[in-house]
Amino acid sequence: MAAPQIPKTQMAQVFEKNSGPIVFKEIPVPEPGPDEVLINIKYSGVCHTDLHAWHGDWPLPTKLPLVGGHEGAGEVVKLGSLVNNVQVGDLAGVKWLNGSCSSCDYCMSADEPLCPEPILSGYTVDGSFQQYCVAKAAHVAKIPKGTDLAAIAPVLCAGITVYKGLKESEVRPGQTIAIVGAGGGLGSLALQYAKAMGIHVIAIDTGDDKKEMCESMGVKTFIDFAKSKNVVKDVQAASPDGMGPHAVILLAVSERPFQQAAEYVRPKGTVVCIGLPGNAFLKAPVFESVVRMIRIKGSYVGNRKDSAEAIDFFTRGLIKAPFKIVGLSELPKVFELMEKGAIAGRYVLDNSK
Ligand code: NAD
Ligand code: ZN
């Protein structure tokens, strides 16, 4: 096969400073290092994390200027001199965890998201809101030939993260989980993974668009947190025996639901925190948490194996979450809608436009 033509420059969305201008401009195509590959990104999902990165509202500084994005799906066009696990022409994905040290205790135990020196796409290094992106070869997600790259893009962060979160919840087929933020990007994928795993879902979010989207994916119980007079009572009442769901996964971008989940999860249930609202705190009543034996834990993306498994669910046709495609140039409009909570599902950018 003839080597792909790689241009010297490309279009990218650049965050000049936190909460500052987002500039759609021409920048150089980066050169992969010896252990890296260059991927021609065809589609990139827009995750709420990208909005946090632009605002800089987490206690972790971003690179600046920064090209955001970490749900990039495309084709490998160039290999660093040490790379032998992927080939030019392979389909591959840029994930949030772009690279890790591979020698710390966590990397050695396949807990690489916990590496103390992580390289994060669209945060500490430039990510997928550009046409050509560099990624560590050991960490790129392998995507089977023939895959719809627009549809798989959201799986590369949202899918992997909720798949891992569902595993961490230890909820079993036939049991019930509450998905908080079910109408958003992570939520829409969580509904699909939970369904594929045979888990009943109580969906919590707000607005008719999100309710309709959830119902179109088989959800029987949707609780609108903005309309409900008592979310705790409503969630418990929606569980099969009135005792509350076996687990809760929190994907919301506000603090309030993080304070409620321990109250409505059933005794011995698990609350998995995934959403990352800025400056937020977890609070749970000590007495009830102890005597009801509640577990509260965090879950952070997934390792390489989780990623491969999450992609395999997609490849088997089990994951079909709704998404809308717009051009890369439209990123600021997508952020505006996301900020208002007006996106049901995910937006995916077509990086050629
Ligand atoms: P999104 O904006 O697409 O969805 C968030 C949803 O939460 C929206 O539908 C919104 O209506 C809903 N929501 C807000 N307040 C709520 C409430 N009180 N109760 C129920 N729902 C509520 O965002 P997303 O891309 O799905 O990301 C969600 C969060 O997850 C972000 O904070 C993101 O940074 C974080 N995230 C974490 C990880 C991880 O590894 N832990 C990975 C990816 C994203
Ligand atoms: Zn993400």
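These entries record what I looked up in this structure, a predicted model.

**Entry 1. The zinc site**

I began with the zinc ion (ligand 2) and asked which residues coordinate it. I found three donor atoms listed for the ion, namely SG of Cys47, NE2 of His70 and SG of Cys157, at 2.0 to 2.3 Å. I then looked up how the donor residues are spaced in sequence, and noted the pattern C-x22-H-x86-C. I placed His70 in the loop between helix H1 (48-55) and strand E4 (72-79), and Cys157 in the loop between helix H3 (149-152) and helix H4 (158-169), so this pair ties together parts that lie 87 residues apart in sequence.

I next checked whether the donor residues are buried or exposed. His70 and Cys157 are both buried. Cys47 has a relative accessibility of 3%, and I therefore entered Cys47 as buried as well.

**Entry 2. Cysteines and disulfides**

I looked up how many disulfides the model contains. The count is 0. I took Cys214 as a case to follow up, and asked how far its sulfur lies from the closest cysteine sulfur. That closest sulfur belongs to Cys47, and the separation is 17 Å. A disulfide requires the two sulfur atoms to be within 2.5 Å, and Cys214 is therefore too far from Cys47 for a bond. I also recorded that Cys214 is buried, because its relative accessibility is 0%.

**Entry 3. Cavities**

I searched for enclosed space and noted 2 cavities of 30 Å³ or more.

For the largest cavity I recorded a volume of about 40 Å³. I listed its lining as Lys95, Trp96, Leu97, Leu156, Cys157, Ile160, Val301, Gly302 and Ser307. Cys157 thus appears in this lining and among the zinc donors. By class, I entered 6 nonpolar, 2 polar and 1 charged residues for the lining of the largest cavity.

For the second largest cavity I noted a space of about 40 Å³. Its lining consists of Phe258, Ala261, Ala262, Val271, Leu282, Lys283, Ala284 and Ile296. I asked which element gives the most to this lining. The element is helix H8 (residues 256-264), with 3 residues. By class, I recorded 7 nonpolar residues, no polar residue and 1 charged residue for the lining of the second largest cavity.

**Entry 4. Backbone geometry**

I turned to the backbone with a general expectation in mind: most residues other than glycine have a negative phi, and most peptide bonds are trans.

I noted a cis peptide bond between Leu64 and Pro65, with omega at about -15 degrees. I located Pro65 in the loop between H1 and E4, and His70 is also placed in the loop between these two elements.

I then looked up residues with a positive phi that are not glycines, and entered Ser102 and Ala110. Ser102 has a phi of about 65 degrees and lies in the loop between strand E6 (97-99) and helix H2 (105-108). Ala110 has a phi of about 60 degrees and lies in the loop between H2 and strand E7 (119-120).

Finally, I checked how accessible these two residues are. I recorded Ser102 as exposed, because its relative accessibility is 55%. Ala110, with a relative accessible area of 34%, I recorded as partly exposed.

Terms used:
Residues are numbered from 1 along each chain as its sequence is written. Chains are lettered from A and ligands numbered from 1 in the order in which they are written. This is a predicted model: local features need pLDDT of at least 70, side-chain atom pairs count only at pLDDT 80 or more; totals for chains, interfaces and linings use all residues. Side-chain values use heavy atoms; hydrogens and water are left out. Donors are N, O and S atoms within 2.8 Å of the metal (3.2 Å for Na, K and Ca); water is not among the atoms, so sites may look incomplete. Helices (H or I, at least four residues) and strands (E, at least two) are DSSP runs, numbered from the N terminus. Buried means under 20% relative accessible area, exposed over 50%, partly exposed in between (1.4 Å probe, protein chains only). On a 1 Å grid over the protein atoms alone, a cavity is a set of points where a 1.4 Å probe fits but cannot get out, and a pocket is an open set with protein on both sides within 12 Å along at least five of seven lines; lining residues have an atom within 4 Å of a point. Grid points are joined across faces, edges and corners, and a volume is the space filled by probe spheres set on the points. Ala, Val, Leu, Ile, Met, Phe, Trp, Tyr, Cys and Pro count as nonpolar, Asp, Glu, Lys and Arg as charged, and the others, Gly among them, as polar.
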